[in-house]
Amino acid sequence: FLVDDHAMLREGLAAVLEQAGFGICGQAATEQAALDHPGLRTAHLAVVDLALPEESGLHLIKELAARNLPSLVYSMHEDAHFIRGAFAAGASGYVTKREAASCLVEAVERLLSGAQYVSPRAGVGLLQTGPEPSANEFSSQQQRIYELLGEGFSAQEIATRLRVSPRTVESYEARMIEKLN
């Protein structure tokens with residue numbers, strides 16, 4: 001089951017995985033659409049992006065873990081904070097979007113056999129040190145804003161995307177800066 005807000009990316013993932021012999025039982029662009037999709041009930045694995053509209057992919061990963069459905073994160077984020085946060089939420093594997101397609105196929109094979117997987121770039125990311133918030137320090141809304149800032153969105157763009165005022169986003173940013181010291 002594929003969850004990413006970019007339709008073309010989902011189509012590309014589906015093509016790569018189907019060519020490798022895997023079946024795709026469904027696709028969704030949002031957490032709610034994924035949870036409501038009947039194909040999720042038959043899935044053996046979910047490939048999830050962390051940057052989803054309205055909610056962080058971490059929230060969906062927690063829900064999937066509660067349902068005993070393994071999840072593989074497929075994300076542009078390569079820093080330790082995101083990778084550790086994904087595993088803390090219950091992900092079974094992590095592949096960055098800059099990896100070769102063969103890396104994604106290998107990750108799916110490993111997760112379906114019951115193992116965990118960390119791609120080479122994610123492995124390098126885990127070796128990074130420096131100040132980073134712990135999963136317990138940010139609320140889910142702060143986490144979402146943190147991710148969108150990391151993707152290069154402005155406060156105005158984030159406000160529009162999350163349906164809040166720009167001042168609310170700025171307030172969250174100020175609190176996050178305090179938490180990060």
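**Exercise 1. A loop residue**

In which loop is the place of Asn68? Find this loop in the predicted model, then work out whether Asn68 is buried or exposed.

*Solution.* Step one: follow the chain to Asn68, and you'll land in the loop between α3 and β4. Step two: check the backbone. The phi of Asn68 is near 60°, which is a positive value in a residue other than glycine. Step three: look at the accessibility. The relative accessible area of Asn68 is 71%, and the cut-off for exposed is over 50%, so Asn68 is exposed.

**Exercise 2. Another loop, another positive phi**

Locate Arg163 and say whether this residue counts as buried or exposed.

*Solution.* Start with the place: Arg163 sits in the loop between α8 and α9. Next comes the backbone: Arg163 isn't a glycine, yet its phi is positive, about 60°. Last, the surface: Arg163 has 66% relative accessibility and therefore counts as exposed.

**Exercise 3. Check the length of a helix**

What should the twelve residues of helix α5 (residues 101-112) span at 1.5 Å a residue, and how far apart are its end C-alpha atoms?

*Solution.* First, get the expected value. You multiply 1.5 Å by one less than the number of residues, and for α5 that gives 16 Å. Then compare: the end C-alpha atoms of α5 are 17 Å apart, which agrees with the expected span. Now carry on past the end of the helix. There you'll meet Gly114, which has a positive phi, near 95°.

**Exercise 4. What hides the inside of α5?**

Which residues of α5 are buried, and what covers them?

*Solution.* Go along the helix and pick out the buried ones: Cys103, Leu104, Val105, Ala107, Val108 and Leu111. Why would spacing matter here? An α-helix has 3.6 residues a turn, so residues three or four places apart point the same way. Now look at the neighbours. The cover over the buried residues of α5 includes the helices α1 (7-19) and α6 (120-126), along with the strands β4 (71-75), β5 (93-96) and β6 (117-118).

For contrast, try Glu109, which also belongs to α5. Its relative accessible area is 44%, so Glu109 is partly exposed. From the C-alpha atom of Glu109 to that of Ile158 it's 36 Å, with the two residues 49 apart along the chain.

**Exercise 5. A mostly covered helix**

How many of the ten residues of α4 (residues 80-89) are buried, and how does α4 lie against α3?

*Solution.* Count first: seven of the ten are buried, and α4 is mostly covered. Those seven are Ala80, His81, Phe82, Ile83, Gly85, Ala86 and Ala89. They pack against α3 (57-66), β4, β5, α6 and α7.

Now zoom in on α3 and α4. Their axes come within 8 Å and cross at roughly 30°. Angles under 35 degrees count as roughly parallel, which makes α3 roughly parallel to α4. At the contact, Leu58, Ile61, Lys62 and Ala65 of α3 meet Gly85, Ala86 and Ala89 of α4. Sort these by class and you get five nonpolar, one polar and one charged. Just after α4, watch for Gly90, with its positive phi of about 120°.

**Exercise 6. Two residues of α7**

Glu147 and Leu149 both lie in helix α7. Is Glu147 buried or exposed, and what does Leu149 touch?

*Solution.* Take Glu147 first. Its relative accessibility is 0%, so Glu147 counts as buried. Beyond its neighbours within four places in sequence, Glu147 is in contact with Leu50, Ala51, Ser56, Leu58, His77 and Phe82.

Next is Leu149, which counts as partly exposed because its relative accessibility is 32%. Leaving out residues up to four places away in sequence, Leu149 touches Ile158, Glu173 and Met176. Leu149 and Glu173 are 24 residues apart along the chain, and their C-alpha atoms are separated by 9.3 Å.

**Exercise 7. How do α8 and α9 cross?**

What is the angle between α8 (residues 155-162) and α9 (residues 166-180)?

*Solution.* The angle is about 110°, and the axes are 8 Å apart. The two helices are therefore roughly perpendicular to each other, and their crossing is right-handed. Ala155, Gln156, Ile158 and Ala159 of α8 meet Pro166, Val169, Glu170 and Glu173 of α9. By class, that contact has five nonpolar, one polar and two charged residues.

Conventions. Residues are numbered from 1 along each chain as its sequence is written. This is a predicted model: local features need pLDDT of at least 70, side-chain atom pairs count only at pLDDT 80 or more; totals for chains, interfaces and linings use all residues. Side-chain values use heavy atoms; hydrogens and water are left out. Helices (H or I, at least four residues) and strands (E, at least two) are DSSP runs, numbered from the N terminus. Buried means under 20% relative accessible area, exposed over 50%, partly exposed in between (1.4 Å probe, protein chains only). Contact means heavy atoms within 4.5 Å. Axes are lines fitted to C-alpha atoms, for helices over the stretch in contact, and angles run from 0 to 180 degrees between N-to-C directions. Angles under 35 degrees count as roughly parallel, over 145 as roughly antiparallel, 65 to 115 as roughly perpendicular and the rest as oblique. A crossing is left-handed if the near helix is turned anticlockwise from the far one by less than a right angle, and right-handed if clockwise. Ala, Val, Leu, Ile, Met, Phe, Trp, Tyr, Cys and Pro count as nonpolar, Asp, Glu, Lys and Arg as charged, and the others, Gly among them, as polar.
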